Amino acid sequence: MPSGHLIDVAAGNRAALRRAALFYALAGVMLGVAAFVADVVPFEVALFLTPLVSSGSAWGLVALVVGYLAWSHRSAAVVGVGVLALSTVTYYALILFVSRRWLAGVQASGVEGAVLALPGLVSVARATAFWLVASVGAGVVMGWLGQAVRHGGARFASVASGTALGLLSGEGAYVIFQIVVVWGGPVDPWQLDRLLSAGTQVGLAVVAVCVLVWLRRRSISWWVFPVTAPASVAAGILSWHLVDSARMVL
């Protein structure tokens with residue numbers, strides 16, 4: 001029979017797992033709710049709120065942080081995927097049942113209303129499926145990077161930090177690249193708003209990664225980090241170009 005000490009340890013481990021699961025579940029639900037709120041607040045508020053809670057940088061950062069806090073590389077990937085997937089389901093459930101914007105313009109009721117509303121429901125289902133798939137990829141990558149930043153050796157953590165910085169700033173860098181390089185023409189107020197949002201995302205990525213590197217309390221290689229980051233930014237820009245292309249197809 002197991003000793004009382006072993007039973008106490010097992011019970012303590014189970015309690016710790018339950019607390020961790022509750023924390024990650026709350027993080028996922030809160031992120032989804034925050035992203036939904038950013039959709040319904042006035043534009044002036046959404047301009048500042050969206051980059052912080054409803055952008056690629058914000059969601060990737062959450063996966064990076066929960067991966068950083070996890071206890072192993074495998075658990076980091078699992079909780080990264082779980083939190084982003086739960087956030088996605090929460091966000092689209094709120095759209096489906098609360099804002100109901102998929103019903104926009106549908107005035108009829110009964111069978112006719114159901115037929116007219118069907119394209120909106122299909123659109124919500126497609127978006128949910130698309131971002132759930134993206135949650136799997138982003139959750140695994142960012143969760144694993146968070147764990148590598150925390151526990152990796154100096155050079156390995158430097159590569160992970162630079163990669164995380166580039167991927168987190170990818171959406172913002174993609175928007176800046178589109179406006180400054182691809183467009184290259186006069187910048188109107190709408191594009192200025194986009195540049196402000198993109199700059200906020202890049203700034204959020206820089207601050208967040210620097211804080212996590214500082215929290216690890218161990219040195220990293222400061223020549224590897226700045227070499228890795230630009231290459232990762234380029235990969236992030238390409239990734240968001242592919243995401244935009246896929247969204248247009250859907």
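**Aromatic pairs, a kinked helix and a buried threonine**

Tyr91 has a relative accessible area of 10%, so it falls under the 20% cut-off and is buried. The model here is a predicted one, and this tyrosine makes a handy way in. Next door, Tyr92 comes out buried too, because its relative accessible area is 13%. By the pairing rule used, the count of aromatic pairs comes to six. One of them joins Tyr91 and Tyr92, with 4.9 Å from centre to centre and 80 degrees between the planes, which makes the pair edge-to-face.

Trp222 and Phe225 give another edge-to-face pair, at 5.7 Å centre to centre and again with 80 degrees between the planes. The two partners sit in contrasting surroundings. Trp222 is exposed, because its relative accessible area of 56% is over the 50% mark, whereas Phe225 counts as buried at 11% relative accessibility. Elsewhere, Phe130, Trp131 and Trp240 come together as one aromatic cluster.

Tyr92 turns up again around Thr128. Once neighbours within four places in sequence are set aside, Thr128 is in contact with Thr88 and Tyr92. This threonine belongs to helix H5, which covers residues 110-151. Its relative accessibility is 16%, so Thr128 counts as buried. What does a polar atom of the Thr128 side chain have 2.7 Å away? The partner is the backbone oxygen of Val124, and the distance falls within the 3.5 Å limit for a polar contact. In an α-helix there are 3.6 residues a turn, so residues three or four places apart point the same way.

Stepping back to the overall fold, the chain holds nine helices and zero strands. Read along the sequence, the pattern is simply α-α-α-α-α-α-α-α-α. Of the 250 residues in the chain, 38% are buried. How are the contacts spread along the sequence, counting those between residues at least 6 apart? Within that set, 76% join residues at least 24 apart. As for the surface, the chain exposes about 13600 Å², and 73% of that area is supplied by carbon and sulfur atoms.

Helix H7 deserves a closer look. This helix runs over residues 170-183, 14 residues in total, and spans 18 Å from its first C-alpha to its last, close to the 20 Å expected at 1.5 Å a residue. Where is H7 kinked? The kink is centred on Phe177 and amounts to about 30 degrees. Buried positions in H7 are Gly170, Glu171, Gly172, Ala173, Tyr174, Val175 and Ile179. The cover over these buried residues includes helix H3 (56-69), helix H6 (154-168), helix H8 (189-215) and helix H9 (224-249). After H7 comes Gly184, with a positive phi near 65 degrees.

Helix H8, one of the elements covering H7, also contains Leu215. Is Leu215 buried, partly exposed or exposed? At 39% relative accessibility, this leucine counts as partly exposed, because the value lies between the 20% and 50% cut-offs. Leu215 and Arg150 are 65 residues apart in sequence, yet their C-alpha atoms are 8.1 Å apart in space.

Notes. Residues are numbered from 1 along each chain as its sequence is written. This is a predicted model: local features need pLDDT of at least 70, side-chain atom pairs count only at pLDDT 80 or more; totals for chains, interfaces and linings use all residues. Side-chain values use heavy atoms; hydrogens and water are left out. Helices (H or I, at least four residues) and strands (E, at least two) are DSSP runs, numbered from the N terminus. Buried means under 20% relative accessible area, exposed over 50%, partly exposed in between (1.4 Å probe, protein chains only). A polar contact is a pair of N or O atoms within 3.5 Å; within protein, one must be able to donate a hydrogen and the other to accept it, and residues adjacent in sequence count only if both atoms are side-chain atoms. Contact means heavy atoms within 4.5 Å. Accessible areas come from the Shrake-Rupley method with a 1.4 Å probe; for residues, only the protein chains shown count as cover. The expected span of a helix is 1.5 Å times one less than its number of residues. The bend at a residue is the angle between axes fitted to the seven residues ending there and the seven starting there. Rings of Phe, Tyr and Trp (its six-membered ring) pair if their centres lie within 6.5 Å; planes under 30 degrees apart count as stacked, over 60 as edge-to-face and the rest as tilted.
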